[in-house]
Amino acid sequence: VNVGTVTVTINGIGNYTGSATGTFNITKATLPAGEVTITLDNDSVVYTGEQIKPAVTQVTIGAETINPDLYQVTYGENVNVGGGTVIVTFTNYTEPSTKTFQITAKTFVFAVELTDETYTGSAITKTFTFTDTDIEPDYTLILDTDYTVSYGDDNVNVGTVTVTINGIGNYTG
């Protein structure tokens, strides 16, 4: 049934005796286009900072469910927000099949304490440090990669300044 070498033995019966043995090969077939369905345990996963590997729960070709012993599962990089990939390589077919899933941004709470500043005549900005302690080792978020900081209309003159911090890339919030 599967790819490999098959041994055939022919034995005489009744009025015939003796036997003959031979072999033939079963080679990989071309995967039927558009007939592969790969089902994952989760099609949307939140960013974790590590490679994400959703489990393959079922693979079908047409109406036939493929035995897990007849395929191998590998994964793309699957770390950052965007489309992740699962690659299924079949024992009996020449080409692999790929399934994509979504890696979504992690909600992060940008908690800050702001102190008052004295007028300098120049734009006043603040320096922030944010740490994601869910990622091992603790990950320090990077300005303009993981978050942005913007200031209200006037951060030069005496008055109240609005500071807005937004998550970007792998973070939201």
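In what order do the three strands of the open sheet run? Load the predicted model and let's find out.

**Stop 1: the open sheet**

Select strands E3, E5 and E6. Their order in the sheet is E3-E5-E6, and the pairing is antiparallel. The edges belong to E3 (36-40) and E6 (64-65), each of which pairs on one side only. Now zoom in on E5, residues 56-61, where two bridges join it to E6 in the antiparallel sense. To see one residue pair, pick threonine 60: its bridge partner in E6 is threonine 65.

**Stop 2: asparagine 92**

Next, select asparagine 92. You'll find it in the loop between strand E8 (82-90) and strand E9 (97-104). Is this residue buried or exposed? Asparagine 92 has a relative accessibility of 15%, and the cut-off for buried is under 20%, so it counts as buried.

Show what surrounds it. Leaving aside residues up to four places away in sequence, asparagine 92 touches Asn2, Val3, Lys28, Ala29 and Leu70. Draw a distance from the backbone nitrogen of valine 3 to the side chain of asparagine 92: a polar atom there lies 2.7 Å away.

**Stop 3: the second largest pocket**

Keep asparagine 92 on screen and turn on your pocket display. The second largest pocket holds about 210 Å³ of space. It is lined by 16 residues, and the closest to its centre are Asn2, Glu64, Leu70, Asn92 and Tyr93. By type, that lining splits into eight nonpolar, six polar and two charged residues.

**Stop 4: the largest pocket**

Now move to the largest pocket, with a volume of about 390 Å³. Select Thr115, Asp116, Glu117, Gly159 and Val161: of the 18 lining residues, these are the closest to the centre. The full lining comprises eight nonpolar, seven polar and three charged residues.

**Stop 5: aspartate 154**

Finish at aspartate 154, in the loop between strand E13 (147-151) and strand E14 (163-167). Its relative accessible area is 33%. Buried needs under 20% and exposed needs over 50%, so aspartate 154 is partly exposed.

What does the side chain of aspartate 154 make a polar contact with? One partner is the side chain of asparagine 157, at 2.8 Å. Add the backbone of valine 156 to the view too: its nitrogen lies 2.9 Å from a polar atom of the aspartate 154 side chain.

For a last distance, pick the C-alpha atoms of aspartate 154 and isoleucine 124. The two residues are 30 apart along the chain, and those atoms are separated by 9.3 Å.

Note on methods. Residues numbered from 1 in each chain as written. Predicted model: local features only at pLDDT ≥ 70, side-chain atom pairs only at ≥ 80, totals over all residues. Heavy atoms only, no water. Helix = DSSP H or I, 4+ residues; strand = E, 2+ residues; numbered from the N terminus. Buried < 20%, exposed > 50% of the residue type's maximum accessible area, 1.4 Å probe, protein only. Polar contact = N/O pair within 3.5 Å; in protein donor to acceptor, adjacent residues only side chain to side chain. Contact = heavy atoms within 4.5 Å. 1 Å grid on protein atoms, 1.4 Å probe; cavity = no way out; pocket = protein on both sides within 12 Å on 5 of 7 lines; lining within 4 Å. Points joined across faces, edges and corners; volume = space filled by probe spheres on them. Nonpolar A, V, L, I, M, F, W, Y, C, P; charged D, E, K, R; others polar. Pairing = 2+ DSSP bridges.
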